[in-house]
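Got the structure open in your viewer? Let's walk through it together, one selection at a time.

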Amino acid sequence: MTSETAQPLAQDGGDADASAAEFTAHRPRMFGLAYRMLGSAEEAEDTVQDAYLRWSGADRAAIDRPAAWLATVVTRLSLNRLTSARAQREEYAGPWLPEPVLTRDGALGPLESAERRDAVSTALLVLLERLTPTERAVYVLREAFAYSHREIAGILELSEANCR
């Protein structure tokens, strides 16, 4: 944090600390959402930081469900990044695959064999690459985060039938 962003924390006292603590509690979920959509840990981290800027400037009294609000913001920011990054990827000669991110224990996933893990990872990456940014957002929100089709429709401002 820069000194400019650190100053309001000292001035606001408990409200700013509670706000930052709430954001921090949702940070792993937001990073996971952004990473699954963007395929880059660096871009996912940038997206989460952009979400924090929006969170710090938002009227939190008007936010009923912070987790849903933050998921909506991260999803929309990721969609914006995907549409701008898609043109860059079209110039790349090979297939686009996201960078791997290690888990806490250093393992890449819960599957037993490295061969199965690689095959499943590659298949999922190929699927995600073939989806449009909106389709990718629907898939990630549904499969990775278990949002209902109704919640996804609200986040993406689509009809529930389109999300199915």
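Here is a tour that starts with the whole chain and then stops at a few places inside and on the surface.

**Stop 1: the whole thing**

Before you click on anything, keep in mind that this is a predicted model. Show the chain as a cartoon and colour it by secondary structure: you'll get 8 helices and 0 strands. Going along the sequence, the pattern reads α-α-α-α-α-α-α-α. The protein has 164 residues, and 34% of them count as buried. Switch on the surface, and you are looking at about 10300 Å² of accessible area, with 51% of it belonging to carbon and sulfur atoms. How much of the contact map joins residues at least 24 apart? Among contacts between residues at least 6 apart in sequence, the share is 60%.

**Stop 2: the nonpolar core**

Turn the surface off again and select Phe 23, Leu 33, Met 37, Tyr 147, Ile 152 and Leu 156. They belong to the largest nonpolar core, a set of 34 residues, and these six touch the most other members. Which elements give two or more residues to this core? They are helix 2 (14-38), helix 3 (41-57), helix 4, helix 6 and helix 7 (149-156). Helix 2 is the top contributor to the core, with 8 residues.

Now zoom in on Leu 156. Leaving out residues up to four places away in sequence, Leu 156 touches Thr 75, Leu 79, Thr 134, Ala 137 and Val 138.

**Stop 3: two neighbours in helix 4**

Next, pick out helix 4, which covers residues 66-90. Click on Ser 78, which sits in this helix. Is Ser 78 buried or exposed? Its relative accessible area is 0%, so Ser 78 is buried. Show what surrounds Ser 78: setting aside residues up to four places away in sequence, the contacts are Ala 34, Met 37, Leu 38 and Thr 47. You already met Met 37 in the core selection.

Move to Leu 77, also a helix 4 residue. Leu 77 is buried as well, at 9% relative accessible area. With residues up to four places away in sequence again left out, Leu 77 touches Thr 47, Asp 50, Ala 51 and Arg 54. Thr 47 is therefore a contact of both Ser 78 and Leu 77, each of them buried. Try the distance tool from Leu 77 to Val 48: the two are 29 residues apart in sequence, and their C-alpha atoms are 8.8 Å apart in space.

**Stop 4: helix 6, inside and out**

Select residues 133-144 to bring up helix 6. This helix has 12 residues and reaches 16 Å from its first C-alpha to its last, close to the 16 Å expected at 1.5 Å a residue. Colour Pro 133, Arg 136, Ala 137, Val 138, Val 140 and Leu 141, which are buried. Ala 137 and Val 138 are among the residues that Leu 156 touches.

For a contrast, add Tyr 139, also in helix 6. Tyr 139 is partly exposed, with 30% relative accessibility. Select Leu 124 and Leu 127 alongside Tyr 139, and you'll have a nonpolar surface patch with about 220 Å² of accessible area together. Then step just past the end of helix 6 to Ala 146, where phi is positive, at about 60°.

**Stop 5: the salt bridges**

Side chains of opposite charge can pair when their charged atoms come close. In this model, the count comes to 7 salt bridges. Begin with Arg 76 and Glu 157, whose side chains meet at 3.0 Å, N to O. Arg 76 is in helix 4 and Glu 157 is in the loop between helix 7 and helix 8 (160-163), so this pair ties together parts 81 residues apart in sequence. Arg 76 is partly exposed at 34% relative accessibility, while Glu 157 is exposed at 62%.

Finish with Glu 160. This residue forms a salt bridge with Arg 150, the closest N and O atoms being 3.6 Å apart. The pair links helix 8, home of Glu 160, to helix 7, home of Arg 150, across 10 residues. Which other partner does Glu 160 have? Arg 164 forms a salt bridge with Glu 160 too, with the closest N and O atoms 2.9 Å apart. Select Arg 150, Glu 160 and Arg 164 together to see one network, joined by salt bridges that share partners.

Definitions and conventions:
Residues numbered from 1 in each chain as written. Predicted model: local features only at pLDDT ≥ 70, side-chain atom pairs only at ≥ 80, totals over all residues. Heavy atoms only, no water. Helix = DSSP H or I, 4+ residues; strand = E, 2+ residues; numbered from the N terminus. Buried < 20%, exposed > 50% of the residue type's maximum accessible area, 1.4 Å probe, protein only. Contact = heavy atoms within 4.5 Å. Expected span 1.5 Å × (residues − 1). Patch = residues over 30% accessible without salt bridge, like charges linked within 9 Å, V, L, I, M, F, W, Y side chains within 5 Å. Areas by Shrake-Rupley, 256 points an atom, 1.4 Å probe, with all protein chains shown as cover. Salt bridge = Lys/Arg side-chain N within 4 Å of Asp/Glu carboxyl O. Core = buried A, V, L, I, M, F, W, Y, C linked by side-chain atoms within 4.5 Å.
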